[in-house]
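Here are some worked exercises to try with the model open beside you. Have a go at each task before reading its solution.

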Amino acid sequence: QPVTELELPEGIIDGINYLNDTAAILSLYAPGKEFAFVIGDFNEWQLSDDGYMNRTPDGNHFWTLIDNLEPGQEYIFQYFVDGSIRIGDPYAEKVSDPWNDQYISESTYPGILPYPTGKTTGVATVLQTAQQPYQWEINNFTPPAKEDMVVYELLIRDFIATHNYQGLIDTLGYLKGLGVNTIELMPFNEFEGNLSWGYNPNYYFAPDKYYGPANDLRRFIDVCHENGIAVVMDMVLNHSFGTSPMVMLYWDAANNRPAENNPWFNPVPKHDYNVGFDFNHESTATKQLVSRVVRFWIEEYKIDGYRFDLSKGFTQKNTLGNVGAWGQYDATRVAIWKSIADTIWSVKPDAWVILEHFADNTEEKILANYGMMIWGKMSSEFANAARGASTNTNFTWASYKARGWNEPNLISYMESQDEERMMYKIIKEGIITNPDYRVRDTTIALERVQLANLFHYAIPGPKMIWQFGELGYDYTI
């Protein structure tokens with residue numbers, strides 16, 4: 001039947017809006033779409049008048065009231081749009097995955113709702129009224145000074161066999177003993193699959209269940225703060241992957257890419273090294289999404305800051321095929337990053353905004369002097385020195401002062417998840433000039449790694465360790 005045109009009730013935002021213990025209003029941003037239903041456990045996954053959504057007069061939103069819900073009960077649901085598209089809510093805080101949830105153990109995530117097999121297809125999302133809020137022990141944590149940061153970058157999947165937040169809590173003594181005062185977690189919002197680095201995101205407000213329940217994540221952050229350790233979230237907003245509801249909602253099947261009218265994504269990436277589908281960071285829809293994302297994890301999980309993946313990609317200047325141009329000063333990109341940082345600091349003035357930027361120093365200096373922190377890749381220089389090379393061994397660029405910056409906003413590192421292990425390179429590529437001093441010998445190679453660390457930590461400013469670098473880890477990436 002014809003769609004009812006009706007304005008959104010006052011105060012309703014995109015996503016799930018809980019009204020009380022038995023009712024919620026669902027709002028979906030879908031400009032230009034003709035009609036939408038809500039289907040789920042609460043209506044037996046049937047297309048019904050009750051699930052037929054109102055459309056706002058401007059044609060941008062669909063919304064409906066879901067009531068008579070059981071307080072505290074979880075309900076799986078989806079939106080069914082224009083007769084063919086089934087998606088979860090982009091702003092949902094929990095997903096139901098038909099392909100991957102079945103492989104998550106009960107010990108990691110107790111009581112996962114079974115996917116409604118046979119009733120729908122694709123990733124769905126979860127709503128739950130009357131949720132009990134987490135009771136924080138530490139409400140006023142002061143992070144370490146930037147110049148004193150010792151960051152430990154880790155992937156939960158690989159760092160501990162249990163791959164869950166409780167295992168991380170149990171291991172904090174080890175990290176604290178190293179002198180670590182900041183833990184940078186590789187992406188933990190929902191991503192495709194279970195065994196992933198997390199750089200293939202699809203839902204930005206839901207912690208990935210492979211690492212444990214949401215409140216276990218909160219407790220991990222709480223215990224970190226209790227131990228004087230800050231927590232940084234690796235955030236991927238350069239791109240999203242194919243099961244993202246925002247990708248699926250406007251999809252060009254003929255060309256296997258986002259459609260021209262997608263409010264969030266470029267049909268074709270604007271820069272080199274892109275993976276997944278490239279966000280258009282100049283679009284209003286993307287700006288609103290990013291604002292919601294960066295506020296959410298600070299407000300709901302008390303994280304201390306973000307490390308943004310592929311931050312140099314936040315531009316609409318087309319540099320495909322011209323890699324050098326991508327790194328040149330880009331005033332539009334600077335403006336985008338200043339706006340994002342201002343949004344973050346409006347919520348948490350001392351939050352860290354860390355960029356994986358790798359652009360020209362003229363641009364990085366502006367961002368650093370504005371208060372953002374920049375990754376300082378020094379893997380080649382330190383690895384070359386440690387293996388005995390005579391070229392490309394200058395450590396100067398690990399100093400923010402050498403770059404002409406005003407503040408210690410350069411996080412230099414010898415290893416990261418993208419760089420070959422130093423120990424492995426020494427053992428495989430060590431240069432032997434003296435038969436009595438064999439660089440590739442394990443004992444000597446470990447001493448070389450120690451020496452590299454000594455040089456690195458003597459340079460003023462924050463530093464980062466990639467997991468197991470402190471152990472002379474000798475496995476190739």
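**Exercise 1.** Decide whether threonine 171 is buried or exposed, and find what it touches.

*Solution.* Start with the cut-offs: buried means under 20% relative accessible area, exposed over 50%, and partly exposed in between, using a 1.4 Å probe and protein chains only. Threonine 171 has 18% relative accessibility, so it counts as buried. Next, place the residue: threonine 171 sits in the loop between α2 and α3. Helices here are DSSP runs of H or I with at least four residues, strands are runs of E with at least two, and both are numbered from the N terminus. Finally, look for contacts, meaning heavy atoms within 4.5 Å. Leaving out residues up to four places away in sequence, threonine 171 touches Phe159 and Ile160.

A word on the ground rules: this is a predicted model, in which local features need pLDDT of at least 70 and side-chain atom pairs count only at pLDDT 80 or more, while totals for chains, interfaces and linings use all residues. Residues are numbered from 1 along each chain as its sequence is written, and side-chain values use heavy atoms, with hydrogens and water left out.

**Exercise 2.** Describe the surroundings of isoleucine 39 and of glycine 313.

*Solution.* Take isoleucine 39 to begin with; it lies in strand β3. Its relative accessible area is 1%, so isoleucine 39 is buried. Not counting residues up to four places away in sequence, isoleucine 39 touches Trp45, Gln46, Leu47, Phe77, Gln78, Phe80, Arg86 and Thr120.

Now turn to glycine 313, in the loop between β17 (305–308) and α7 (323–327). With a relative accessible area of 0%, glycine 313 is buried. With the same sequence exclusion of up to four places, glycine 313 touches Asn238, His271, Asp278 and Trp326.

**Exercise 3.** Where do glutamate 44 and asparagine 68 lie, and what are their phi values?

*Solution.* Recall the background: most residues other than glycine have a negative phi. Glutamate 44 has a positive phi, near 60°. Glutamate 44 is in the loop between β3 (36–40) and β4 (54–55), and its 54% relative accessibility makes it exposed. Asparagine 68 also has a positive phi, near 60°. Asparagine 68 belongs to the loop between β5 (61–66) and β6 (74–81), and is exposed at a relative accessible area of 73%.

**Exercise 4.** Check the span of helix α4 (residues 214–226) and list what its buried residues pack against.

*Solution.* The expected span of a helix is 1.5 Å times one less than its number of residues. For the 13 residues of α4 this gives 18 Å, and the end C-alpha atoms are 19 Å apart, which agrees. The buried residues of α4 are Leu217, Arg218, Phe220, Ile221, Asp222, Val223, Cys224 and His225. These buried residues pack against α2 (165–170), α3 (172–178), β11 (182–185), β12 (230–235) and α6. Just after α4, glycine 228 has a positive phi of about 75°.

**Exercise 5.** Work out how α8 packs with α6 and with α9.

*Solution.* Two packed helices are described by the angle between their axes and the distance between the axes. Axes are lines fitted to C-alpha atoms, for helices over the stretch in contact, and angles run from 0 to 180 degrees between N-to-C directions. Angles under 35 degrees count as roughly parallel, over 145 as roughly antiparallel, 65 to 115 as roughly perpendicular and the rest as oblique.

1. The axes of α6 (residues 284–301) and α8 (residues 331–347) come within 9 Å and cross at roughly 30°. The two helices are therefore roughly parallel.
2. The α6 side of this contact is Val290, Ser291, Val294, Arg295, Ile298 and Glu299, and the α8 side is Ile340, Thr343, Ile344, Ser346 and Val347.
3. For α8 and α9 (residues 361–370), the angle is about 20° and the axes are 11 Å apart. That makes α8 roughly parallel to α9.
4. Here α8 contributes Arg333, Val334, Trp337, Lys338, Asp342 and Trp345, while α9 contributes Glu363, Ile366, Leu367 and Tyr370.
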